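Reader: Hi! Could you walk me through this one?

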Amino acid sequence: MKNKLDSLFFTKKFVPKRHKFYFYTEQRQLRCSLLVSPPLRFGMEDIMIIREQEPLTAHTTFRIGGPALYYLIPEGVDEVRDALQFARDRDLPFYVIGRGSNLLFEDDGYHGVVIEIGRGMEEVTMEDGPDGTVCVTAQAGIPLSTLAAKLAEEGCRGFEFAGGIPGTLGGAITMNAGAYGGEIRDCIKNATVMTGSGEIRALDREQLELGYRSSVIQKEDYIVLEGVFGFARGEKEAILAAMKELNQRRRDKQPLEFPSAGSTFKRPEGYFAGKLIEDAGLRGYRVGDAQVSEKHCGFVINRGKASSADVKQLIRDVQGQVREKFQVELEPEVRIVTTGKSRQSEK
């Protein structure tokens, strides 16, 4: 059953299935559908967008990847649970993303359900504590840059490092994201997560098991819903100045003018990945349109039409050269999403 979706107006013809209602439309030349959970209301806040054969190039910072069989955009906790049920009803794997900033999807796409945690899950609340600190609760979909800017405006210090990281808070907690000497575990108190079966759990800092680009969330395939943080007060002007300086350093040293997934490799103990790659003579090394950045060798960039196959071959070549010359193993930091593999992403 298909109807035309014209702006925000649509006909109320639904197909009931297992107490849910699916509305099929044609929109922007993409076949998509909308899901409404009872009680049946017709405000847009009750609707979850479901797109079929959605190009993943539009949802990753690498601008690489084939289509997702289904692409869901929940706008609240209940809809996240509905999205998981949607995948279970069809016996399909699911993969959770934020802004797609640490991902490489396959060229033939993802043969399952991709769930985007972003719009509609960006609320932030702040409360002064008795000890002079500020308790901040933020939903998983908020971009790190937005959260960092809000905290700076309120005079909260300790999150300046995150202002230039191109991901969402959910991904940052999952990865224990960090930069310039700061990381998520320095300021987080606890997080609320959802299991793959839809159960909600609260995890304190110790239970999160935050390590270098790792956490229990990755190990257990949890979905981050929100995080609670504690920050000390500081001078707003000094905080903004520090953020400005760090962002300028990023612009000066990182290839932000090209699509990429951020740092391609984790830092090997005792070394810097970019320095090893440069010393191996691989600055500018290229496979198709995938290239080791000439500006920062720790980044693999997409010069225009790079494929997933190009990037994976380049990664293997770099690993092989570094292993041969320095006997050091480089472990990818970018998450390579195998077609049809169930796992949530880091960003």
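Author: Sure, we'll chat about a buried leucine, some aromatic rings and a pair of helices. This is a predicted model, where local features need pLDDT of at least 70 and side-chain atom pairs count only at pLDDT 80 or more, while totals for chains, interfaces and linings use all residues. Residues are numbered from 1 along each chain as its sequence is written, and side-chain values use heavy atoms, leaving out hydrogens and water.

Reader: Cool! Is L84 buried or exposed?

Author: L84 is buried, with a relative accessible area of 1%; buried means under 20% and exposed over 50%, with partly exposed in between (1.4 Å probe, protein chains only).

Reader: And what does L84 touch?

Author: Leaving aside residues up to four places away in sequence, L84 touches F94, I115, M194, T195, G196, G198 and I223. Contact means heavy atoms within 4.5 Å.

Reader: New topic: how is the aromatic pair of Y95 and F105 arranged?

Author: Y95 and F105 are edge-to-face, at 6.0 Å centre to centre with 70° between the planes. Rings of Phe, Tyr and Trp (its six-membered ring) pair if their centres lie within 6.5 Å; planes under 30 degrees apart are stacked, over 60 edge-to-face and the rest tilted.

Reader: Does F105 have another partner? Which aromatic pair does it form with Y110?

Author: F105 and Y110 are also edge-to-face, 6.3 Å centre to centre and 70° between the planes. Both F105 and Y110 are buried.

Reader: Nice. Which rings make up a cluster?

Author: F159, F161, F229 and F231 are linked into a cluster by ring pairs.
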